[in-house]
Amino acid sequence: MFKKSKVCTAALLALGGSLVITSLPVLAQSTDRVEITGSRIRALNAESPSPVQVLSAEDIAQSGAVNLQDLLLKNPTLGSPAISRTNSNFSTSSAGVALVDLRNLNTARTLVLVNGRRYVAGVPGESAVDLNTIPTEFIERVEILTGGASAAYGSDAVAGVVNIIMKKNFNGMVFDVSKGQSEKGDDKRDELSLTLGANGADGKSNIMVHFGYTKQGAVFSNKRAPVDNLPTAYLTGDGNDLLSQSSPFLSSYAPQGRFFVGSTSRTYDRAGNEIGWNSNGNATTPATGFNRQAQRTIAIPLERFVMATKGELAFHENHSAYIEANYAQTQTRTRLEPFPFDSEATHPDSGGQVPAEFLVNGVLVPNPRIPASLLAQMTDTPITDTNGDGVLDTGDGARDYYFSRRLSEVGNRGSAADRDTFRVVTGAKGSLFGNWDYDTYIGYGATKESQVNSGQVNVLTFRSALEAVPDINDVNGNGNTTEAICLDANARAQGCVPVNVFGFNSITPDQLKYIQAPGLLSTFTTQKLAGATIRGDLFKLPAGNLSVVAGLEWREEFSRSEFDPLQQSGLNAGNAIPRTEGEFDVTDAFLEARVPLLSNAPFAKSLVLSGAVRAGKYSTVGNTTSWTGAFEWTPVAGLRVRATQALATRAPNINELYSPPSQTFPSVADPCEGVTATSTQASAARCRADAGVAANIAANGVFTRTQADIQGTSGFDRGNPNLKQEEGNSTTLGVVWTPLNIQALKNFTFSVDYFKIKVDDAIVSTPRNFILTQCYTGDASFCQFVTRRATASGPNSAGALQFVDSAVTNSGGLFTEGFDIEAAFTDKVGPGRLNGKLAYTRVSKGYVIPLIGSAPDVFAGEVGAAKDKFNLRLGYNWGPFGIATSTTYIGKSAIDDQELVGGWGLEAGSLTIPAKTYVDLQLNYTYKKATMYFGIDNAFNTKAPRFDTNGLVPGGTTGAGTAADVYDAIGQRYYAGVRFEF
């Protein structure tokens, strides 16, 4: 029968279990063979020829991390994540997803496995796994392998593998509850988990069940970076001022509206009086702009419920069946300021000029919603070039106006997303012919997301509601001939109510009902798996057994992402994001061998060669081949030399292949910034050749951008069905030293590993700053992706960037090189035991080649990819007491060189962020079956470096006032809990 406590027995019986396991006879135990990440061969006392860093269950518990991502990001081999709680508030989808990125080579090149097998993606159209769906309390250890591992695991393992190993043969019950918050009273956290397990009397069968609940509260910007600001460089024209901020720098999209009439712009105060516009105000004039920071979020709230089970049933002496299953439900909420709306969205045909009067019964009559004093200042804006000289000189005979407005009555923008992830893997494994074993499995995983977006409007109904006239003909039949009605009869029949955009809170509920349009997003991602592996020893060599493993794997990936029709067409005034759907399948065959050449020979206590090869056939890119060769040499006891050379492949994912043009609003540096009629810099001549830029210079003496220009650049990203696979060559060479014969060092282990990864034909989306730099100082063919405004329009200047498009191609390359150092120690010190582990990474080189033949775009040493990073964990246990510390160091980092060189004419690396160090502490005390713990994260409240609040400096996070995915934007946090183990 199962060996378990009485409490656990009762609980499992009550739950009914998720896997029926019958009473089994006791089976003889064989000597364990170990499989380590990077190889499928199981060997006695196996050690990896590739560098593998390990985080244990104890490390996870001592970190106090609610989410595995929080702990992994402290490891120096990982870069800043593509998506996390602190960098996704402005995301149109997948906000709050927890991803990881090895070596800063992009999450698409980091393969996340669970128990050595693939896991369903958490982001539609990609391969990235959402770590929110994996219960941290169910984890035995996490193995981080850096370097190509496609021969062992298939596509995507270009930068390396994060292999999450779940607990095995857990027996008993663990109940854990904790609470916490930041020193400012936000970022509240609640965590509750229950893990149950029972072993079979046979020593092989086991069942485990886990239930977990976590809730992490929001961190709003108004407590950390309360006022909108702008890099001072945008005001002074001096790039050296990028890291200083001018505050306040309020938005020109204000709730009361800004109205461009004649040659001026007007607005309203809270009393309804018409006044002049002044965004930031001065000593005598109040500010009329809007502070967006009051409504933004730094860390979005996240709530999740996770259930997991893992079981094994030994149905024969040498054979067993197993199952792994988990379900995760995650809810996230984003919140940001109300929508910044302008009339160009409703009237693009006239450049945003809204008619103020219309012909009724042959007579021009004004819109009754327009205040008389404002109407008196309106003119007929020229829209036609009648004499062909390129200058608009004739209007349509009716007065008009342009407006911009913050739609506060519609409410804050944001999304409420519900994600459900389900995964099950089941199979059979066992031994054959004595020293051979097999493993077969099938699996299915699915991620489903339903998202409701708020704060948006229907631009078609908004246009109808703006075009209003007096009810001269008494259409409403109430005798009120001065009442405003919508001009279009069809719109009136559909419930159109004329909208009043003039002043604070002027849009009434009945007007709002007609124009608002909440958005919807539905995504569905599936993964189907099947595989079979056989491994064993072919024959015995003088130095040991020649071991091999061979196998077949099949995988099918499908993804669909679909917004509501208005979002797809861009008719809700937001990004135009069409439906994306696609699938592919792949069949792989692989072979791996481990050949011991020498054993217990002079200067060769052990010498082993190993290699692996994988051949795949994709439905999209055809045939692929990956391979790995490895070398392990132990000249003397305690000293081991290891090396690997690998060719890894990555096939394009569904988004890269099939994504139609999708609109985005990027932050870019304009090479024409500061150009004058006599400028001689490299970009000057090409800038002046653009008619809009030339008109801007003529009007201002220097090319000048408004706030709307800076923040209003749009563009489209698109996939490419003609992509082929990329190939990554990786090299590692290292030494592991365990000085057992040196008394003072006998409890230490040291390792140093050199790494180099070079990706050819890299699948990249050409960076927009690179496109602009090439357009104006290099290859002019890139100008086809750049569109500038021909004339001024409302708050936008002539010559301002309107669109900068980009696409995915195989035209890029990636390179990174450096070394990792690890040192570990454990020994009895004083009355207790001291243990410590240091992981340090130095990146000597790292760059992207956006286009074949182009100069490298260096990322090593920039924000998010510091050249020097380390994490030091120390722990001391004395009887029932324990203390653990974690120190994370992020080295000095520079601002993106494309921004500095292309945008501001500065030298690469000339603007830097100082190094930051973060210390986390945890104290614990164990009494009988209970362990009480108390922790402080960022114990010394190290402040994050200051960036502007609008993400204009590359690396910065909009709304956070810093790079919130790199540095701690929240500050000191406390938590306390208790863990019961039975």
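So, overall size to start: this is a predicted model, and with 982 residues a compact globule would have a radius of gyration near 30 Å, while the protein chain comes out at 31 Å, which agrees. If you lay the C-alpha trace along its principal axes, you get a span of about 100 × 65 × 55 Å. In terms of secondary structure, the chain has 16 helices and 50 strands.

How much of the chain is buried? The figure is 56% of the 982 residues. On the outside, about 38,400 Å² is exposed, and carbon and sulfur atoms supply 57% of that. As for charge, there are 84 positive and 94 negative side chains, and the centres of those two sets sit 9 Å apart. And if you take contacts with a separation of 6 or more, 71% of them come from residues 24 or more positions apart.

Okay, on to the inside. In soluble globular proteins, nonpolar side chains tend to be buried together. Here, the largest nonpolar core has 40 residues. Which residues have the most contacts inside that core? They are L72, L131, I134, V142 and I164. The elements giving two or more residues to the core are helix 3, at 68-72, and then strand 4 at 110-114, strand 6 at 139-146, strand 7 at 160-166 and strand 38 at 748-765. Strand 38 gives the most, with four residues.

Let me stay with I164 for a second. Leaving out residues up to four places away in sequence, I164 touches L68, V112, L113, V114, N115, L131, I134, I139, R141 and V142. Apart from this core there's another one, of 31 residues, and that includes F259, A356, V501 and I507.

N115 was in that contact list, and its backbone is worth a look. Most residues other than glycine have a negative phi, and most peptide bonds are trans. N115 has a positive phi of about 55° although it is not a glycine. It lies in the loop between strand 4 and strand 5, the latter being 117-118. Is N115 buried or exposed? It has a relative accessible area of 19%, and the cut-off for buried is under 20%, so N115 counts as buried.

There's another asparagine to set beside it. N600 also has a positive phi of about 55°, again without being a glycine. N600 is placed in strand 31, residues 580-601, and with a relative accessible area of 61% N600 is exposed.

While we're on the backbone, where is there a cis peptide bond? Go to the bond from S247 to P248, where omega is near -5°. P248 is in the loop between strand 13, which is 245-246, and strand 14, which is 258-261.

Next, a helix. Helix 15 runs over residues 768-777, and nine of its 10 residues are buried, so the helix is largely enclosed by the rest of the structure. The buried ones are R768, N769, F770, I771, L772, T773, Q774, C775 and Y776. You'll notice R768, N769 and Q774 are in that buried set.

Now a pair of glycines, both in loops. G434 is in the loop between strand 25, at 412-432, and strand 26, at 436-454. G434 is exposed, with a relative accessible area of 70%. Its C-alpha is 27 Å from that of A630, and those two are 196 residues apart along the chain.

G799, on the other hand, is buried, with a relative accessible area of 0%. That residue sits in the loop between strand 39, at 786-788, and strand 40, at 801-804. What does G799 touch? Not counting residues up to four places away in sequence, G799 touches D690, G692, V693, F703, R788 and R789. For a distance, G799 and A517 are 33 Å apart C-alpha to C-alpha, with their positions 282 residues apart in sequence.

Last stop is L639, in strand 34, residues 639-650. L639 is partly exposed, at 27% relative accessible area. Its contacts, again skipping residues up to four places away, are W633, T634, V735, V736 and W737. And L639 and S751 are 112 residues apart in sequence but 9.7 Å apart in space, C-alpha to C-alpha. That's it from me.

Terms used
Residues numbered from 1 in each chain as written. Predicted model: local features only at pLDDT ≥ 70, side-chain atom pairs only at ≥ 80, totals over all residues. Heavy atoms only, no water. Core = buried A, V, L, I, M, F, W, Y, C linked by side-chain atoms within 4.5 Å. Buried < 20%, exposed > 50% of the residue type's maximum accessible area, 1.4 Å probe, protein only. Contact = heavy atoms within 4.5 Å. Rg over C-alpha atoms; globule rule 2.2 N^0.38 Å. Areas by Shrake-Rupley, 256 points an atom, 1.4 Å probe, with all protein chains shown as cover. Lys, Arg positive; Asp, Glu negative; His and termini not counted. Charge placed at Lys NZ, Arg CZ, Asp CG, Glu CD.
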